[in-house]
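Trainee: Could you take me through one part of this structure in some detail? I would like to look closely at a single helix and what surrounds it.

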Amino acid sequence: MLKGILYFLVIILANTIGSVSGMGGGVIIKPVLDFFALDSVAAVSFYSTVAVFVMSIVSTIRQVQNGIALEYLKIVWLSIGSVLGGILGNTSFEMLLTQFNSDTVQFVQIFLTIVTLVFAFLYTRFEWRNFNLQSYVWYLFTGIVLGFIASLLGIGGGPINVSLLMLLFAMPIKSATVYSIATILFSQLAKILTVGFTTGFLRYDLTMLWYIIPAAIIGGLLGDKVSRLLSPKKVTFVFQGVILLVLLVNIYNGIQIIR
């Protein structure tokens, strides 16, 4: 009961921030739940995936209802890539679990998450030159990369989604957050389906979904409301602030594993 309430509160806060910034919430959920260490690394990754998936559905629906202009061909190619990447990422995650102990797998996730966080912060802080790529092949390739990272790390996509979309396609940050959430939706769907058809869901405590799913919906709705109130400059500020906070949590979790 207490664990369910704790997860409920963490996911509402994380998904609200994740919806506003385009990070998806998992980049916060995963390290925070790892910090509390109440479940296995596989269970935490699964719960984070479900929470981010539900939030991304809510957020995408709200963005469409709000009349946000989207180029659907770009979303299609990003989504196809993210589904393929999501399957590859989850397959790689399961292989790591069979080859190494859970602490080693968690440390790999933390290390790669820190790398993506540092990249995202440096990019938005120093405004590197954008490439402004146009070919849909690049959207497919980007979707594969983002889907793979999102599924492998169990963070839904995180800051690298927004940063990479801005870097490669010269998107303004508010547009990048919308495309990021759409990409996250399909990568997490791919991960959930892959789990369903391979290991199955019986190794997880599915009663936790009674806390996780409502919290994810509330977070997605709150994030949509906050997003409409913030200017692009403030979204960037939220984005960078969250990166620094999550970076510290990941570094702490990594040190605890090494010790």
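Mentor: Gladly; let us start with helix α2 and then follow its neighbours outward.

A word on the basis: this is a predicted model, in which local features need pLDDT of at least 70 and side-chain atom pairs count only at pLDDT 80 or more, while totals for chains, interfaces and linings use all residues. Residues are numbered from 1 along each chain as its sequence is written, and side-chain values use heavy atoms, with hydrogens and water left out.

Helix α2 covers residues 26-36; helices here are DSSP runs of H or I with at least four residues, numbered from the N terminus. Of the 11 residues of α2, 9 are buried, so the helix is largely enclosed by the rest of the structure. Buried means under 20% relative accessible area, exposed means over 50%, and partly exposed is in between, with a 1.4 Å probe and protein chains only. The buried residues of α2 are Gly26, Val27, Ile28, Ile29, Lys30, Pro31, Val32, Leu33 and Asp34.

Some of these residues also face a pocket. Ile28, Pro31 and Val32 are among the residues that line the largest pocket, along with Val10, Leu13, Ile17, Gly241, Val242, Leu245, Val246 and Val249. A pocket here is an open set of points on a 1 Å grid over the protein atoms alone, where a 1.4 Å probe fits, with protein on both sides within 12 Å along at least five of seven lines; lining residues have an atom within 4 Å of a point. The space in this pocket is about 190 Å³, taken as the space filled by probe spheres set on the points, which are joined across faces, edges and corners. Helices α1 (2-21), α2 and α10 (232-258) each supply at least two lining residues, and α10 gives the most, with 5. By type, the lining has 10 nonpolar residues, 1 polar and no charged. Nonpolar covers Ala, Val, Leu, Ile, Met, Phe, Trp, Tyr, Cys and Pro; Asp, Glu, Lys and Arg count as charged, and the others, Gly among them, as polar.

Helix α10 meets α2 again through an aromatic pair. The whole structure has 9 such pairs, meaning rings of Phe, Tyr and Trp (its six-membered ring) with centres within 6.5 Å; planes under 30 degrees apart count as stacked, over 60 as edge-to-face and the rest as tilted. Phe35 and Tyr252 have ring centres 5.6 Å apart and planes at 55°, so this pair is tilted. The pair joins distant parts of the chain, with Phe35 in α2 and Tyr252 in α10, 217 residues apart. Phe35 is partly exposed, because its relative accessibility is 43%, and Tyr252 is partly exposed too, at 39%.

Just after α2 comes Ala37, which takes a positive phi of about 50°, in a residue other than glycine. Ala37 sits in the loop between α2 and α3 and is exposed, with a relative accessible area of 55%. Ala170 also has a positive phi without being a glycine, at about 55°. Its place is the loop between α7 (158-169) and α8, and at 32% relative accessibility Ala170 counts as partly exposed.
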